[in-house]
Amino acid sequence: MQKEMAVEYNQRGVDAVAAGSYDKALIEFQKSLRLNTSIDNQKGIAVNLLNLGRLYLLINRFDDAKVVFDKTIRTGIGLNDQVILSEGYASLGRYYYLAGNNKDAIDILEKALYIDRKEGYSAIGSRLNIMGMAYIGSNRLEDAEKTFNDALKSNKGYGMEADTADSFRGLGDVSAKKEDYKRAMELYENALEMDKKSGQGVHIAIDLYALGIVSLKENAAEKALDFFLRAYAVNLSRGDAKMALKNLDNIIEIYTRSKDKNSVEIYSSEREKLLNKERDYKK
Amino acid sequence: MAEQKDPRFKNLEKKVGIFVSIVFVMLLAIFFLMGKERGIFTQKYTLFFTVDSGSGFIEGMPVKLSGFKIGKVKTMSLISDARVKVVLEINKEYQKWIRQGSVAKMLKEGVIGETIIDITVGPASSQLIKDESELPYEKVMGIEELIAKEVKPVLQEVKETISYINNPDSDIKKAIANFKKLSEGLLKTKDRLDEVLKDAKGTVKEATSIFSNLGEKALPVVDKFNNVAEDAEKASKKIPDIMDKVDKAMDDVKQFSDVLSKKSGNIKDMLENAEDTLNDTKEIIKGAKDTWPINTMVPPKEEMKLIPLDGAGKGQ
């Protein structure tokens, strides 16, 4: 019975993450972990730790995430569970990438990929996407492009829509870095289409933001403004203040350049309100 | 012996012989058909499992696989370690489905259905379980155990909460006592305030005579002093009303607390009734879940799911 309750709480946590309710998700995962620990369900504990770690990455608690991923990998080794090990290495790889340690990220992602290839897991493309981002971070654009193309092939093959969108976006990032904005725009639009199909709110906002930035590079301010406003609306509806502020900065910048004082005032006041909210929340 | 002349009795032995033969053949056919119906002529083999307690098992209890009767409980016996050996008699034709990996468990068919032994189909790649071999038995959690694990802790918590409210040392009781002390203190403060105001009135009168000596310029100041004194007096008069309201609120809180204490006994009964109702409901739901076609509609229990690992860049 406790095992079933643990599954239930874990599922509630996963649903809460999908809805952007990270505080709720944290509570649910902790409840599930407590139950799994009380019945020494090692596999359940490992899944809870992975989810907690991934949630910590989403809320920028990087140090906590690292501790949790190390523990997951130790549990995976103890259980000799290849899925847990692969997921653990991949999560740690994502942590290293976000922490700016691209070399370690690539090394640890290789470990995850080795297991995935050996066992024939469908998550290969997802690992390659993170690896591609780490290559971009290391300014190895050719490696990044090759990796994203491999990821795209794998993700399309396994029918992984969200990961396919990540591959398109990664390739878009490579093109943007190479200043091929036209190609970047096409790739971001592909990513947006895929993300809309799979209903990935966070990623839709990222795609729209990327499209806005590329439009600005192409001196298409009006087009860029449209993308930023759409991205801002998605951010607000999901309660993502950090990304909303980024989009607002660009919106205010475009209105300032076009000397639209009224709009500048409106969005500046919204920005101030959001900042105050963020400050209150942090307190 | 005289020869039989009546034609009706001619060949009587022959006729009786034929009649008896027909009856005998008919009896044989009935016996054969009944035997076939009851599976007497079907080839059988036996499997067994051991359980801690034989309660719930009965000889003759049906054994089913995928909802079809494939045998019955043949015998039950107490073995050396005080465990119970349950021997199942299974039709040989179904042996092909019972392989290593098959498990036996006791289930109830529907809410009021009979109790059966259910055997799961073993993986196609596994070997057949041979005659007179042991079959693994999986214990299915009963309603009582479910309640013991799930409902009882909740009921216990509710009971503890009620006894906590009733405890004179609890925070709630202490808060009520403190509130009472506060209201008494407020009354004393009001009395003191009255005295201070009386003194203030006298002082104001004295000040008025002094100010009147100071001339017309001081008169507005004197008026203000008078107004302040009057306002303070009005405020002081309102304090008893406020105190009445506080007292009334205190009475309500006390009444509520008393009612709660008295009703906690009733609540206990209610909880016990609720426990019974919950038992019944759980049994009905469990039975319904195990019954076709509802069991085909209930989704299988899901495994622990992972949050998808984000593949987006950090700069975005």
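## Nonpolar cores

The largest nonpolar core holds 94 residues. Leu109(A), Tyr188(A), Ala205(A) and Leu208(A) have the most contacts inside this core. Helix H11 of chain A (residues 201-217) gives the largest share, ten residues. A second, separate core of 13 residues includes Val86(B), Ile90(B), Ile98(B) and Ile117(B). A nonpolar core here is a set of buried Ala, Val, Leu, Ile, Met, Phe, Trp, Tyr and Cys residues joined through C-beta atoms within 7 Å. Buried means 20 or more other C-beta atoms within 10 Å of the residue's own; exposed means 12 or fewer, and partly exposed lies in between, with C-beta atoms placed from the backbone. In soluble globular proteins, nonpolar side chains tend to be buried together.

Ala205(A) is in contact with Ala231(A), Val234(A), Asn235(A), Asp240(A) and Met243(A), leaving aside neighbours within four places in sequence. Two residues are in contact if their C-beta atoms, placed from the backbone, lie within 7 Å.

## Basis of the model

This is a predicted model: local features need pLDDT of at least 70, side-chain atom pairs count only at pLDDT 80 or more, and totals for chains, interfaces and linings use all residues. Residues are numbered from 1 along each chain as its sequence is written, while chains are lettered from A and ligands numbered from 1 in the order in which they are written.

## Chain A overall

Chain A has 14 helices and zero strands. Helices (H or I, at least four residues) and strands (E, at least two) are DSSP runs, numbered from the N terminus. Of the 283 residues of chain A, 49% count as buried. Take the contacts in chain A with a separation of 6 or more: residues 24 or more positions apart account for 48% of them.

## Helix H5 of chain A

Helix H5(A) covers residues 82-98. Its 17 residues reach 24 Å from first C-alpha to last, close to the 24 Å expected at 1.5 Å a residue. The expected span is 1.5 Å times one less than the number of residues. Of those 17 residues, 15 are buried, so H5(A) is largely enclosed by the rest of the structure. Gly100(A) follows H5(A), with a positive phi near 85°.

Ile84(A) is found in H5. It counts as buried because it has 25 C-beta neighbours inside 10 Å. Not counting residues up to four places away in sequence, Ile84(A) touches Ala46(A), Thr72(A), Thr75(A), Gly76(A) and Leu79(A). Leu50(A) is 34 residues from Ile84(A) along the chain, and their C-alpha atoms are separated by 8.4 Å.

## Helix H13 and two positive phi values

H13(A) spans residues 241-257. At 1.5 Å a residue, its 17 residues should span 24 Å, and its end C-alpha atoms are 24 Å apart, which agrees. Its buried residues include Met243(A), Ala244(A), Asn247(A), Leu248(A) and Ile251(A). Met243(A) also appears among the contacts of Ala205(A). An α-helix has 3.6 residues a turn, so residues three or four places apart point the same way.

Lys259(A) comes just after H13(A). This residue sits in the loop between H13 and helix H14 (261-282) of chain A. Its phi is near 60°, a positive value in a residue other than glycine. Lys259(A) counts as exposed because it has 8 C-beta neighbours inside 10 Å.

Asn139(A) also has a positive phi, about 65°, although it is not a glycine. Its loop lies between helix H7 (124-137) and helix H8 (141-158) of chain A. With 10 C-beta neighbours inside 10 Å, Asn139(A) counts as exposed.

## The sheet of chain B

Seven strands of chain B form an open sheet with mixed pairing. The order is S5-S6-S2-S3-S4-S1-S7. S5 (104-108) and S7 stand at the edges, each with a single partner strand, so one side of each is left without a neighbour in the sheet. Two strands pair if DSSP finds at least two bridges between them.

S1(B) (residues 44-51) runs antiparallel to S4(B) (residues 84-91), joined by eight bridges. There, Tyr45(B) has Ile90(B) as its bridge partner. Ile90(B) also belongs to the second core. S1(B) pairs with S7(B) (residues 133-134) in the parallel sense over two bridges, and Leu47(B) partners Ser133(B). S2(B) (residues 62-65) and S6(B) (residues 115-119) are parallel too, over three bridges. Leu65(B) stands opposite Ile119(B) in S6(B).

## Where the chains meet

Chain B has 18 residues in contact with 31 residues of chain A. On the chain B side, seven are nonpolar, three polar and eight charged. Ala, Val, Leu, Ile, Met, Phe, Trp, Tyr, Cys and Pro count as nonpolar, Asp, Glu, Lys and Arg as charged, and the others, Gly among them, as polar.
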